[in-house]
Each structure stands twice: as structure tokens, then as C-alpha cells.
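Here is a friendly walk through one chain, written to be read with the viewer open. Feel free to rotate the model as you go.

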Amino acid sequence: MIPNLPESAGPVVLAEYGLPGTAMPDSKGTFRVLGACIRCCWPDPGTDLWPGQPASITHVGRVLERLVPGRTRLSRQQLLSGGLRRLATYGWVLLQERTDTVRLGPRVASWGALELSTIRELWRVIPDDTAPDDRREAS
């Protein structure tokens, strides 16, 4: 998941947003958390991935629960909170703890056509757990 920056963007985009230039290693299941965020923050894979829309952290947690079955509630919560912090540090998501929401970060805008094609396929297989209240809260 190392991004290929579009020629028009270049590293200046990351610098503008104050993001580190290195890619994030998959530490302790962080990519699963990113997958859950993408599934929740990108309701229609036929549209642009970024900026997406806000999703409640609760919704992301329910999707993550379906991605990592068999974990205890405490273990899932630790994975979610640690993963969100790591993803926010590297600019993959924008964590808004004040409102208990998460959005996709500017780094996802750097994915090229090939990566987006793969992400769209993954989006289709990630199980969603949408509750109507979550969509209203995130709006």
C-alpha cells in the first residue's frame, strides 16, 4: 500500500499537509483498521475515494469486528484505537476524537489507478455493518 503520487501532486502535497514521506508498516493489524475505515468512509466505490465522508468510530469498530472474528472485545478495542492513532499519524485517516468520527486522510488521494482498482475490489469483500443511526451521526 505504498502510494504512487500523481505527477501533478508530487511530494509537495505531503509536505503541504505536514505528513511524513515514508509509508507506514503494517503494525499489529493496522491495515485491517484502514480497510474498515475505507469501507465506512467511502460509501460508493464508483466515486472518488478522497475526501470521502465521516464515519463514526463505533461503525468502524463494528466493521473491524467482522474483519477480525474471534478476538475479545478488549483486544478489538485496542486494535481499533492503536490502529487509528497510527493511521492518523501517517495521514491515512483524520481522527476527530472530539466528535468520535474518522475521515479518510489526504494520503489516500495519492493512490493511482492500479491501487484504486485493487481497493475497489477489496471494498466489495469487506463486510459492512451499517446502522441507519451511524449515517445520520456522521453527516
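In this predicted model, Gln77 counts as partly exposed because its relative accessibility is 45%, and partly exposed covers the range between under 20% for buried and over 50% for exposed. Gln77 is part of helix 4, which runs over residues 73-89. If you would like a spatial reference for Gln77, take Leu64: the two are 13 residues apart in sequence, and their C-alpha atoms are 9.5 Å apart in space.

Asp100 is another partly exposed residue, with a relative accessible area of 36%. You will find Asp100 in the loop between strand 2 and strand 3. Its phi deserves a look in your torsion plot: the value is near 60°, which is positive although the residue is not glycine. Most residues other than glycine have a negative phi, and most peptide bonds are trans. The peptide bond from Trp50 to Pro51 is cis, with omega near 15°. Pro51 sits in the loop that links helix 2 and strand 1.

**The sheet**

How are the three strands ordered in the open sheet? The order is 1-3-2, with antiparallel pairing. Strand 1 (55-56) and strand 2 (93-96) are at the edges with a single partner strand each, so each has one side without a neighbour in the sheet. Helix 2 packs on this sheet and touches strand 1, strand 2 and strand 3, and its direction makes about 90° with that of strand 3.

The two pairings can be set side by side:

| Strand pair | Sense | Bridges |
|---|---|---|
| Strand 1 and strand 3 (residues 101-104) | antiparallel | two bridges |
| Strand 2 and strand 3 | antiparallel | four bridges |

Thr101 in strand 3 takes part on both sides: Thr101 is the bridge partner of Ser56, and Gln96 stands opposite Thr101 as well. Strand 2 and strand 3 also make a hairpin, with four residues between them, and Asp100 is in the turn.

**Helix 5**

Which residues of helix 5 are buried? They are Glu115, Leu116, Ile119 and Trp123. These residues lie on the same side of helix 5, because they cover an arc of only 95° around the axis. The general background is helpful here: an α-helix has 3.6 residues a turn, so residues three or four places apart point the same way. Ala113, Leu114 and Val125, on the other side of helix 5, are exposed. Helix 2 (30-41) is included in what covers the buried residues of helix 5. That gives helix 2 two places in this account, since helix 2 packs on the sheet and also helps to cover the buried residues of helix 5.

The length of helix 5 can be checked too. Helix 5 has 13 residues (113-125), and at 1.5 Å a residue these should span 18 Å; the end C-alpha atoms are 19 Å apart, which agrees.

**The chain as a whole**

Stepping back, the chain has six helices and three strands, and they follow the pattern α-α-β-α-α-β-β-α-α along the sequence. Of its 139 residues, 40% count as buried. The accessible surface comes to about 7,800 Å², and 53% of that belongs to carbon and sulfur atoms. Among contacts between residues at least 6 apart in sequence, 71% join residues at least 24 apart.

Methods:
Residues are numbered from 1 along each chain as its sequence is written. This is a predicted model: local features need pLDDT of at least 70, side-chain atom pairs count only at pLDDT 80 or more; totals for chains, interfaces and linings use all residues. Side-chain values use heavy atoms; hydrogens and water are left out. Buried means under 20% relative accessible area, exposed over 50%, partly exposed in between (1.4 Å probe, protein chains only). The expected span of a helix is 1.5 Å times one less than its number of residues. The arc is that of the directions from the helix axis to the C-beta atoms. Contact means heavy atoms within 4.5 Å. Two strands pair if DSSP finds at least two bridges between them. Axes are lines fitted to C-alpha atoms, for helices over the stretch in contact, and angles run from 0 to 180 degrees between N-to-C directions. Accessible areas come from the Shrake-Rupley method with a 1.4 Å probe; for residues, only the protein chains shown count as cover.
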